[in-house]
Amino acid sequence: MISRTDRSVIGIWWWTVDRHLLGSALMLAILGIFLVMAASPPVAMTINIDPQHFVQRHLMFLAPAAVVLIATSVLSHRWIRILALAGLLGAAVLIILSIAIGPEVKGATRWIPLGPFKLQPSEFAKPFFAVVSAWLLSLWREERDFPGWIISIVCLAILAGLLVLQPDVGMTIVIVMTWALQIFLAGMPLALVLLLSLVVAPAVAITGYFALPHVYARVNKYLEGGSMQADNAMRSFSNGGFFGVGPGNGDVKYILPDAHSDFIFAVAGEEFGIISCIVLASIYAFIMFRSFKLARQSESLFLIYAISGLAMQFGLQALIHMGSSVHLIPTKGMTLPFISYGGSSLLATALTVGILLALTRRPVAGRVS
Amino acid sequence: MSIWRKLGKKLIEVPDQDPRSTARNRLALPFMIGTGAFLMIGIQLVSLSLEDSRPRQRFADTTTSIERGKIYDRTGRILATTLPAFELYADPRTIMNPYEATVQLSDLLPNLTEEQIFSQLTRNTRYAELSWRVSPATYAKALERGIVGVYGRERATRFYPQKYEAAHLIGTVNKDNKGLTGIESGMNDALAKGEDVHLSIDIAVQAILREEIETQISKFQAIGGAGLVMDVKTGEIIALTSLPQYNANYYSRADKDAQFNRATKGVYEMGSTFKILNTAMALESGVFTADDMVDVVSPLRVAGRTINDYHPEKQPLNVAEVMVVSSNKGSARIADALGADVQQKYLSSLGLLNRLKLEIPEVATPIIPAPWQRVSTMTVSYGHGISVTLAHLAAAVSTTIGDGTRVHPSLIKGGVKKDYEERVFSHETVRQIRAIMRRVVTHKRGTGKFANIEGYVVGGKTGTSEKIVDGRYDKKLNITSFLAAFPAHDPKYVVVAMVDEPKGQKFSQYYATGGWVAAPAVGGFIRRAAPLLNVAPVDEDSPKIRPFLEVNSPQLDAEVQNASY
């Protein structure tokens with residue numbers, strides 16, 4: 001195999017990468033194949049295409065996703081920062097482009113058509129933003145003169161503004177929460193934290209509820225009950241019970257509109273049972289908490305902020321997806337990382353975990369001894 | 001440093017320690033929140049899995065736990081109620097044999113052809129609707145036949161036991177039992193909360209009115225009609241009919257013309273019935289007394305338009321007589337003397353310039369002259385150039401002959417609660433108008449003889465107007481109407497009947513006027529419905545009644561004298 005004294009890039013990578021995180025990601029990717037196989041054929045049939053269409057495309061995207069994940073995870077911290085800065089700028093330009101020329105799909109303009117594919121640039125902006133904002137905040141805390149926090153707020157405002165224009169409320173929430181966590185860790189005064197979380201955040205939420213008609217409708221449906229999607233998703237869990245009705249035997253995937261992406265957790269619940277759902281949720285929890293722990297152990301301020309931000313992004317996205325499916329929060333179309341069908345989502349998740357792995361690599365021990 | 005200052009410093013300042021320590025300490029918070037969130041997902045998952053896993057309703061929830069309120073008429077008869085029915089649907093993926101299933105279903109679904117059933121059973125879906133409303137008996141039959149893949153689901157369905165009667169005003173609901181038209185829509189909020197609604201309608205009185213108007217429609221080969229009975233004091237609408245009707249249980253199958261509510265949504269030029277209002281304005285404003293003479297002989301030309309009378313008069317008449325013989329010239333000259341401002345002021349306080357306010361959505365805004373020129377004032381006096389609904393007219397006349405205060409129409413038992421009294425006409429004006437209306441029905445030259453039902457002291461006024469077709473009056477197409485109040489000395493009810501496009505018949509000497517077409521409907525109605533409405537016949541010549549019906553009409557009296565010699 002690979003010798004401990006192997007000093008090649010691969011050798012160093014293998015001995016320094018966090019294999020718990022890598023293994024968890026691999027496990028999710030494999031489970032994802034099974035779930036897309038279960039959930040996507042009915043969706044393909046309703047739009048009259050080959051039932052295996054989505055399965056084939058999902059498998060096709062796994063290879064580039066693996067490449068992206070590994071290629072990113074071997075990069076040094078310096079290169080990660082350069083990649084993130086360039087990537088964030090590129091993604092911002094592409095988001096503007098998607099708003100300007102992108103096709104409207106279900107009321108939103110989030111995509112850029114690239115031949116047979118549709119690219120969703122905001123998915124990629126997410127991890128890049130976490131890194132750039134961590135960088136800015138760490139510079140601020142290390143060199144008092146550098147106004148990193150102001151620059152990070154400007155970045156956040158621009159990006160969030162663009163996302164609201166698309167509109168993509170879910171993504172906006174994830175980005176804002178990432179920044180909120182990082183500025184909190186960077187030592188935001190507690191009075192300000194209380195003010196922001198108890199006054200400003202509820203005010204923004206209420207304004208959004210009244211100002212954005214689709215948010216208003218979603219939240220009302222959630223409060224009143226009787227939303228068809230939510231009812232059906234909840235029914236899938238009660239149908240599935242602890243052990244599920246078995247692969248292919250589910251009913252709900254025929255009725256849910258985006259069973260292969262936004263509601264794949266419900267399909268998992270019906271066909272593979274609650275136990276499998278709990279296993280799935282545990283993997284996400286493990287990745288998040290393991291990353292938090294690694295962040296705590298890091299010596300560099302940049303690493304603490306960046307790893308925490310990325311971990312929360314990853315965990316929050318999973319939590320929103322699962323929360324919508326089990327009717328804890330209003331239905332919000334969000335993909336389940338590594339599991340849901342969707343090329344952009346899969347590649348962006350691979351990128352997120354790739355960066356996470358790159359930043360959590362242990363310092364090379366060989367040099368010390 | 002005091003403990004408070006320390007705390008204050010901690011709250012407003014960026015921590016002074018090594019930023020790494022701050023971050024490490026503060027990481028505990030996301031750790032705790034994350035743990036809580038994942039735990040909640042887990043708990044919710046387990047609780048969902050323990051729930052009853054029988055198929056819940058797959059589609060929009062229509063049978064809410066609250067049963068929709070019932071609609072009653074004023075005597076407590078049910079007009080709308082909710083009954084259990086079943087939605088019948090198929091899951092084509094589990095249908096074993098679509099041919100056999102089609103045959104088994106065909107007699108249960110009389111509204112679908114076998115081809116339609118078959119195509120539903122073979123659609124590429126998990127849900128194919130067969131019927132959204134079948135009776136429990138039909139559903140039971142479908143179950144007995146054991147057709148694999150065909151399912152039913154109970155859903156509360158609105159049922160209208162009166163079928164056609166009052167269908168327009170009761171209204172209808174959509175498949176989700178949300179009000180769509182009529183009271184079902186106007187009172188949807190209350191009904192949806194489970195509250196019952198008691199209407200001002202008396203369905204028996206309603207049936208008599210409908211039948212009488214229907215008879216006249218068929219006698220005169222008319223295209224439709226409408227009628228309305230209003231309680232003069234409260235404005236409660238006791239009957240409201242629009243013809244042709246439709247079966248309230250099958251609203252969507254009715255054609256547009258039948259769905260249209262002619263009594264509250266249709267606006268028409270009401271013709272001479274407006275002279276009641278014109279005369280009241282003349283007397284109330286003080287410009288005229290009932291005995292003042294009006295020139296009805298010399299020709300009247302305004303703005304290139306000649307105003308004519310149906311029966312040219314040979315001598316001047318007083319204000320009361322102008323209304324009795326229904327002189328357009330006389331009415332126009334009276335209105336001209338009042339002026340547009342006075343006329344508009346009264347029309348407005350009678351509610352004739354504003355959108356009808358009623359508890360149903362099918363209401364209309366009057367069409368009024370724009371600009372309001374001198375000639376407009378003159379034609380409006382005899383009901384031309386202004387279009388209102390029957391309900392507008394009934395409420396305005398109720399105001400004029402009730403007690404002179406504003407009457408607001410209502411379909412709800414008890415009527416509209418008035419915050420304050422808006423007096424429009426004095427008691428003396430009211431008394432005089434009542435008496436003149438009675439004279440219209442009793443006088444030889446009056447136009448309402450067919451409505452003169454003995455003992456009920458009917459007062460009234462006919463109206464005939466030409467319909468506007470492509471912006472021009474069409475002499476052949478008429479709207480004929482008759483408005484009555486009874487008993488005239490102290491009116492309890494106002495009745496209006498309107499017949500749309502009647503055609504002159506041999507027995508009517510080819511007349512198709514309000515007196516011939518609409519008055520008999522009102523007469524027949526009063527004859528049959530007065531006992532139901534608790535109005536007892538009286539002796540009109542008794543000293544308790546006679547004085548209230550005095551009208552000074554020397555010219556007309558002389559005519560009668562001369563004729564009898």
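Is Asn177(B) buried or exposed, and how many C-beta neighbours does it have inside 10 Å? The exercises below use a predicted model.

**Exercise 1. Classify two residues with positive phi.**

Task: assign Asn177(B) and Ala303(B) to a burial class.

Solution.
1. Most residues other than glycine have a negative phi.
2. Asn177(B) has a positive phi, near 60 degrees. Asn177(B) sits in the loop between strand 5 (172-173) and strand 6 (179-181) of chain B.
3. A residue is buried at 20 or more neighbours and exposed at 12 or fewer. Asn177(B) has 21 C-beta neighbours inside 10 Å, so Asn177(B) is buried.
4. Ala303(B) also has a positive phi, near 45 degrees. The loop between strand 12 (300-302) and strand 13 (305-307) of chain B holds Ala303(B).
5. Ala303(B) has 9 C-beta neighbours inside 10 Å and therefore counts as exposed.

**Exercise 2. Locate two cis peptide bonds.**

Task: state where Pro244(B) and Pro487(B) lie, and give omega for the bond from Leu243(B) and the bond from Phe486(B).

Solution.
1. Most peptide bonds are trans.
2. The bond from Leu243(B) to Pro244(B) is cis, with omega near 0 degrees. Pro244(B) is in the loop between strand 9 (237-243) and helix 11 (256-259) of chain B.
3. Phe486(B) and Pro487(B) are also joined by a cis bond, with omega about -15 degrees. Pro487(B) belongs to the loop between strand 17 (472-486) and strand 18 (493-500) of chain B.

**Exercise 3. Check helix 6 of chain A and find its buried side.**

Task: compare the expected span of helix 6 of chain A with the distance between its end C-alpha atoms, then describe its buried residues.

Solution.
1. Helix 6 (residues 148-165) has 18 residues; at 1.5 Å a residue it should span 26 Å, and its end C-alpha atoms are 26 Å apart, which agrees.
2. Its buried residues are Gly148(A), Trp149(A), Ser152(A), Leu159(A), Leu162(A) and Leu163(A).
3. Down the helix axis these fall within an arc of 155 degrees, so they line one face.
4. The face turned away from the buried side carries the exposed residues Ile150(A), Val154(A), Ala157(A), Ile158(A) and Gly161(A).
5. The cover over the buried residues includes helix 4 (77-101), helix 5 (121-142) and helix 7 (169-185) of chain A.

**Exercise 4. Describe the contact between the chains.**

Task: give the residue counts for the contact and the make-up of the side from chain B.

Solution.
1. Chain B contributes 35 residues and chain A contributes 44 residues.
2. On the chain B side, the elements giving two or more residues are helix 1 (3-12), helix 2 (19-26) and helix 3 (28-49).
3. Helix 3 of chain B gives the most, 13 residues.
4. The chain B side divides into 18 nonpolar, 6 polar and 11 charged residues.

Conventions
Residues are numbered from 1 along each chain as its sequence is written. Chains are lettered from A and ligands numbered from 1 in the order in which they are written. This is a predicted model: local features need pLDDT of at least 70, side-chain atom pairs count only at pLDDT 80 or more; totals for chains, interfaces and linings use all residues. Two residues are in contact if their C-beta atoms, placed from the backbone, lie within 7 Å. Helices (H or I, at least four residues) and strands (E, at least two) are DSSP runs, numbered from the N terminus. Ala, Val, Leu, Ile, Met, Phe, Trp, Tyr, Cys and Pro count as nonpolar, Asp, Glu, Lys and Arg as charged, and the others, Gly among them, as polar. The expected span of a helix is 1.5 Å times one less than its number of residues. The arc is that of the directions from the helix axis to the C-beta atoms.
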